[in-house]
Amino acid sequence: MAGDQVTLLDFWSSPFGMRVRIALAEKGVKYEYSEQDLWNKGALYLQMNPVHKKIPVLVHDGKPICESLIIVQYIDEVWKDKAPLLPSDPYERAQSRFWADFVDKKVYELGKKICTTKGEDQEAAKKDFIDSLKLLEGELGDKPCFGGETLGYVDVALLPFYCWFYAYETIGNFNIEADCPKLIAYCKRCLEKESVSKSLKDPQKVYDFVVMMRKKLGLE
């Protein structure tokens, strides 16, 4: 909508922030990007998300919206004239929300575990991670995207983690493509879209960031 003031409080490597960036790009919404210091949280950041104190936060005309999946739904509802992300059918909408929640509970949590554990715990996380990706692969089937022919809500939820896969693989010493070739082919296909390629970060830089975090945790 013309005249909207939109600001995204974010951190460069956050897959949750990348979700919002993709959604805004799909909708063609112009916004101001505000990089946040996660270790020294500024006044605006804390004022806009006093409950969870997490990024991303979308500030629309002075009003903050928090939590990435809620932000993506908000973007879809406010800028509804272009590139719908959630299906119009109530059942399909519910399914989309289920799989987006699955990404949070499985892909994110298990990826985090791979990066922050060693030994048996890491091995168990790797197995569960691949099993979860295989379930997503089954849900994708032969469709170009989870949203069908076009990018949808589940795609926006999942794709940011693609630039984290290299970190998971290198730290965990395994190969995702060997077990989930269709899912990786899907990610590469979606990366051809400008809204995705410009929103995702360099996997090597993400890996370097994860190594730095592991050193802070005494894992390196």
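**Helix α7**

I began with helix α7, residues 162-172, and found that nine of its 11 residues are buried, so I noted this helix as mostly covered. I keep in mind throughout these entries that I am reading a predicted model. The buried positions I wrote down for α7 are Y162, C163, W164, F165, A167, Y168, E169, I171 and G172. Looking just past the helix, I found that N173 follows α7 and has a positive phi, near 55 degrees.

**The nonpolar core**

Next I looked up the largest nonpolar core, which has 67 residues, and I asked which of its members touch the most other members. The two are F129 and L136. When I checked which element supplies the largest share of this core, I found helix α4, residues 90-116, with eight residues. Both domain 1 (6-78) and domain 2 (90-217) give residues to the core, and I therefore place it between them. I set beside this the general tendency of nonpolar side chains in soluble globular proteins to be buried together.

I then followed L136 outward, leaving aside its neighbours within four places in sequence, and listed its contacts as W99, F102, V103, V107, F146, L158 and L183.

**Domain 1 against domain 2**

I turned to the division of the protein into domain 1 (6-78) and domain 2 (90-217). Taken over C-alpha atoms, the centres of domain 1 and domain 2 are separated by 21 Å, and I noted that 17 residues from domain 1 and 27 residues from domain 2 take part in the contact. Together the two domains bury about 1900 Å² between them, and 69% of that lies on carbon and sulfur atoms. On the domain 1 side, the residues that lose the most area to domain 2 are W12, R19 and I22, which together account for 31% of what that side buries.

I also looked for charged and polar pairs at this interface, and the count of salt bridges between domain 1 and domain 2 is two. I looked up R19 again and found its side chain in a salt bridge with the side chain of D104, at 2.7 Å from N to O. Nine residue pairs are in polar contact across the interface of domain 1 and domain 2, with both residues of each pair at pLDDT 80 or more. The elements of domain 1 that give two or more residues to the side touching domain 2 are α1 (15-27) and α3 (68-78), and I recorded α1 as giving the most, with nine residues.

**Two loop residues**

Is T117 buried or exposed? I located T117 in the loop between α4 and α5 (119-140), and its relative accessible area of 13%, being under 20%, means that T117 is buried. A polar atom of the T117 side chain lies 2.5 Å from the backbone oxygen of K113. Not counting residues up to four places away in sequence, T117 touches Q122, R214 and L219.

My last entry concerns Q36, which I found in the loop between β2 (32-35) and α2 (43-48). Its relative accessible area is 11%, so I entered Q36 as buried too. The side chain of Q36 makes a polar contact with the side chain of S34, at 2.8 Å. I also noted that Q36 and V206, which are 170 residues apart along the chain, have C-alpha atoms separated by 16 Å.

How values were computed
Residues are numbered from 1 along each chain as its sequence is written. This is a predicted model: local features need pLDDT of at least 70, side-chain atom pairs count only at pLDDT 80 or more; totals for chains, interfaces and linings use all residues. Side-chain values use heavy atoms; hydrogens and water are left out. A nonpolar core is a set of buried Ala, Val, Leu, Ile, Met, Phe, Trp, Tyr and Cys residues joined through side-chain atoms within 4.5 Å. Buried means under 20% relative accessible area, exposed over 50%, partly exposed in between (1.4 Å probe, protein chains only). Helices (H or I, at least four residues) and strands (E, at least two) are DSSP runs, numbered from the N terminus. Domain bounds come from an automatic or database domain assignment. Contact means heavy atoms within 4.5 Å. Buried area is the accessible area (1.4 Å probe) that two parts lose on being put together, summed over both. A salt bridge is a side-chain nitrogen of Lys or Arg within 4 Å of a carboxyl oxygen of Asp or Glu. A polar contact is a pair of N or O atoms within 3.5 Å; within protein, one must be able to donate a hydrogen and the other to accept it, and residues adjacent in sequence count only if both atoms are side-chain atoms.
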